[in-house]
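Subject: Structure handover

Dear colleague,

Here is the structure you are taking over. My notes on what was found in it follow below.

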Amino acid sequence: MSSGNRFLGGVGLRLAFFSGYARLMQRRRGGAGAILRFERVRPVRSVAFQPRRAHEITPDFLDRTIRALKRWKFDIVGMDEVHRRAVSLKQPERFVCLTFDGATRDLMTFGYPVLAKHGMPFTVYLPTAFPDGLGEAWWLALEAVITRNDRIAFVMDRVEKRFEIADVDEKVRLYDFLLGWMRSLGPEDLSASINDLCKRYSVDLATLSREASMDWDDLAKLAADPDVTIGSATVNYPMLSNLKDSDAQREMAMGKAVAEAAFHRDVSHFAYPFGDRDAFRRQHVVMAEEAGFLSAASAIAGIVEAQGRTNLHALPRIAWDGRQSSLRMMRVMLSGVMFAPVQPTGTRAFSSESLHRT
């Protein structure tokens, strides 16, 4: 799952913070507020090879973040309120919305206690195949294979490839390379490739995927909390850009229908799987609206504007890099100074026109 944004260099961030430039520009660039995107929440691990460290935050960092957002006088809101503010006149106080992609089990174990302690509203985007035990967390399986082996061989584009990966740097390079390659595959080819790799190196893909994900009992507990919004992230969490349009529509519609049947309520908010510019296309923005979602969130960095100036079905989110622990950096990013201002009337930020054409 891609981080979706690039951070300014450390010197630039510190300058923006200490000079007061970020706080000054917040009035002009800060918009109505911002949506933060997280994935996993768990304690720091001591292992050397952690290719997905950017996608994790610690419970302590989550606690520090919430305390800082309160101190900075942000309104911390759910996605229903984000939707309302995005189409209303700008309010004096800016908002922040906390979102978590993937409905991972560690969010329930380590993240939810922190969020509940503070009484924080937040949104979880659920791919429904995973609590059913049918989803394939191929990105985690790839990590497990590379972690356990110093050399691997497998079929890539019908050719047997061999890789020597004795040290951590080699493992990271191979992980990044194969991650990019697998993201380019259609669902059937991707499933065949990761299952072949797991079979060769004795990684139980089904068990790994099931243990990493919340089950329906976990999700029922969250759904019973009025501070929690359950959103949809399709059924199988595919790269929508790799699907036929009919298959993409089915993933969106079925993910919504399954979640609504499970929780006996409308599921009104959606997040594009992976969410970066390569993960979805213009037609998927239209599909999300046609499927009946009030909003659809990307992982493309930016600020949410008021008065309908941000496309509700291509909402930007600031995908936090878990390797960073600086709250100063977060404050600069939330100020909006890093992001291009919304274009004049006639063009909406992160509109469907700004996405790749097919």
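To begin with one residue, Asp63 has a relative accessibility of 12%, so it counts as buried. Please keep in mind throughout that this is a predicted model.

Asp63 and its partners

Which residues does Asp63 pair with? One salt bridge joins its side chain to that of Arg67, with N and O 2.8 Å apart. Both residues sit in helix H3 (residues 59-71), and because they are four residues apart there, about one helical turn separates them. Arg67 has a relative accessibility of 44% and is therefore classed as partly exposed.

Asp63 also makes a salt bridge with Lys117, where the closest N and O atoms are 3.0 Å apart. This second pair connects distant parts of the chain, since Asp63 belongs to helix H3 and Lys117 to helix H5 (residues 105-118), with the two positions 54 residues apart. Lys117 is exposed, at 54% relative accessibility. The buried Asp63 is thus bridged to a partly exposed Arg67 and to an exposed Lys117.

Other salt bridges

How many salt bridges does the structure hold? The count is 23. One of them is between the side chains of Glu81 and Arg85, at 2.9 Å from N to O. These two lie in helix H4 (residues 79-86), four residues apart, which means about one helical turn from one to the other. Here the acidic partner, Glu81, is partly exposed with 23% relative accessibility, while Arg85 is buried with a relative accessible area of 8%.

There is also a network of salt bridges, and its members are Arg37, Glu39, Arg52, Asp101 and Arg317.

Helices H10 and H11

How do helix H10 (residues 216-223) and helix H11 (residues 245-263) cross? Their axes come within 11 Å, at a crossing angle of roughly 70°. H10 is therefore roughly perpendicular to H11. On the H10 side the contact is made by Trp216, Leu219, Ala220 and Ala223, and on the H11 side by Val258, Ala262 and Phe263. Sorted by class, this contact contains seven nonpolar residues, with no polar and no charged ones.

Cysteines

A disulfide is a covalent bond between the sulfur atoms of two cysteines. Searching the whole structure for disulfides gives zero. As for individual cysteines, Cys97 has a relative accessible area of 0% and is buried. Cys198 is buried as well, with a relative accessible area of 2%.

The chain as a whole

The chain contains 13 helices and twelve strands. It has 358 residues, of which 57% count as buried. What share of the contacts between residues at least 6 apart in sequence joins residues at least 24 apart? That share is 73%. The Asp63 and Lys117 pair described above, 54 residues apart, links distant parts of the chain.

If you look at a few places in the model, I suggest the two salt bridges of Asp63, to Arg67 and to Lys117, and then the contact of H10 with H11.

Regards

Note on methods: Residues numbered from 1 in each chain as written. Predicted model: local features only at pLDDT ≥ 70, side-chain atom pairs only at ≥ 80, totals over all residues. Heavy atoms only, no water. Axes fitted to C-alpha atoms, helices over the stretch in contact; angles between N-to-C directions. Parallel < 35°, antiparallel > 145°, perpendicular 65-115°, else oblique. Contact = heavy atoms within 4.5 Å. Nonpolar A, V, L, I, M, F, W, Y, C, P; charged D, E, K, R; others polar. Disulfide = S-S within 2.5 Å. Buried < 20%, exposed > 50% of the residue type's maximum accessible area, 1.4 Å probe, protein only. Salt bridge = Lys/Arg side-chain N within 4 Å of Asp/Glu carboxyl O.
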